[in-house]
There are 2 protein chains.
Amino acid sequence: MSDFTSDQKQSVYDVIRKRRDVRAFKSDPVPDETLARILSAAHQAGSVGFMQPWNFILIRGAEQRRAIWEHVNAERLAAANEFSGEKREKYLSFKLEGILDAPVNICVTCDPTRHGPAVLGRSTIRETDVYSTCCAIQNLWLAARVENIGVGWVSILRREFVQSALNLPPHVIPIAYLCLGYPVAFENKPMLETQGWLPRLKLEDLVFEDAWERPARDDFRSTVRKIDSNSPDNN
Amino acid sequence: MSDFTSDQKQSVYDVIRKRRDVRAFKSDPVPDETLARILSAAHQAGSVGFMQPWNFILIRGAEQRRAIWEHVNAERLAAANEFSGEKREKYLSFKLEGILDAPVNICVTCDPTRHGPAVLGRSTIRETDVYSTCCAIQNLWLAARVENIGVGWVSILRREFVQSALNLPPHVIPIAYLCLGYPVAFENKPMLETQGWLPRLKLEDLVFEDAWERPARDDFRSTVRKIDSNSPDNN
């Protein structure tokens, strides 16, 4: 029925399952061809009104990375105060980024003015251009994974800082600041799950039918439960 | 080097390339097991602070879909006034959604309060939970594609309308309203490209280095150009 064989299907489910947020990198460079393929995967994402609102800023300069790292580190320490006691200690023990270790950083941006002002499909929800950019980032992440390249999304930074550090025009939104490189390891599970920060939620509890909190049919719930618990990540 | 063979790698690049926004569906139902696998792929996305802020509301009821369709159709007609002349005619000729044809619709939501208020990694950019939800949607889209299921993202609707139609709590954000089913066809290119609405952008023009509008090294640009033009979508 499908134009994908069962082996091909499995490869796609495997990459989805094996993708991790990576924070520890080897210093080996990412070959140009590999990086270009990964960026090309991102650029093949769909976008509202075919806007293709994204740009990819490669950050290789040591000075720029040092400035970003200092900013992130200060914000990381400041955010520790949102937690207390044991949770605060745990938070501070986590390695949250690999800005200086990774051979390349990439800032993915969204330009809401591209092809505008009228964009097909964006008349009611303006942020759909941002949503498209995130879909492109997920493509990038999965393509990197099959290339054996780890990606870490650094979220503890302020937009204004990134805009100024990378000289972005004021209307261009930095959506993701990513670190890319060969990882020390791809872990089996997310670090925050392994470290007991938060539990993995059960998929069956997240699925409703026709309205919020109206549970799906019993037989569908049990199918969901079976597939969710067979996912190797949950073993 | 990679734990993915070159065939497996190719499968992942293939699904990324062959994913389309689908608006014309057959009425055949999506089997429960297939739908559960697709939702499980979404649930395996990474999320800021391991929030897993998403829910999936399956919409199968005829009455609810009719109400959504009427809203979308009214908004579609209203948005036509953003374009003029030939562009307006073209816009009105497009089939933009398959709400009533597709056997199942899914609203993917983001709950910004989950595990909150303090969320690891969300201290500086509050919308990172929305970004995570979009990454989950891209996983769903790609998993559907290998299952031979088409996904169409309907973006011409108002949040308040969806919140009220699906009885969402006021703090829960409907991110995507998706139609799922077996497609009449997976087109080779995006409809808006084929129809000449907008051109595909060249990837090399979207890649900068170390700052906005600072071009990447020449040899990297030429590698990007080669890979972008080899992408079968661009032939």
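Chain A is split into domain 1 (17-194) and domain 2 (200-235), with bounds taken from an automatic or database domain assignment. The C-alpha centres of these two domains of chain A lie 29 Å apart. This is a predicted model, in which local features need pLDDT of at least 70 and side-chain atom pairs count only at pLDDT 80 or more, while totals for chains, interfaces and linings use all residues. Residues are numbered from 1 along each chain as its sequence is written, chains are lettered from A in the order in which they are written, and side-chain values use heavy atoms, without hydrogens and water.

**The two copies**
- A turn of 180° and a shift of 0.0 Å along the axis lay chain B on chain A with an RMSD of 0.0 Å, by least squares on the C-alpha atoms of residues with pLDDT of at least 70 in both.
- The two copies are therefore related as by a two-fold rotation axis.
- Of the contact residues of chain B, 100% recur in chain A; contact means heavy atoms within 4.5 Å.

**Helix H5 of chain B**
- Helix H5 of chain B, a DSSP run (H or I, at least four residues) numbered from the N terminus, covers residues 128-146.
- Its 19 residues reach 28 Å from first C-alpha to last, close to the 27 Å expected at 1.5 Å a residue, taken as 1.5 Å times one less than the number of residues.
- In H5(B), 19 of 19 residues are buried, meaning under 20% relative accessible area with a 1.4 Å probe, protein chains only.
- B:Asn148 follows H5(B) and has a positive phi, near 70°.

**The nonpolar core**
- The largest nonpolar core has 138 residues; such a core is a set of buried Ala, Val, Leu, Ile, Met, Phe, Trp, Tyr and Cys residues joined through side-chain atoms within 4.5 Å.
- A:Leu39, A:Phe56, B:Leu39 and B:Phe56 have the most contacts inside this core.
- Not counting residues up to four places away in sequence, A:Leu39 touches residues including A:Phe56, A:Leu140, B:Leu203 and B:Phe220.

Definitions and conventions:
Helix = DSSP H or I, 4+ residues; strand = E, 2+ residues; numbered from the N terminus. Buried < 20%, exposed > 50% of the residue type's maximum accessible area, 1.4 Å probe, protein only.
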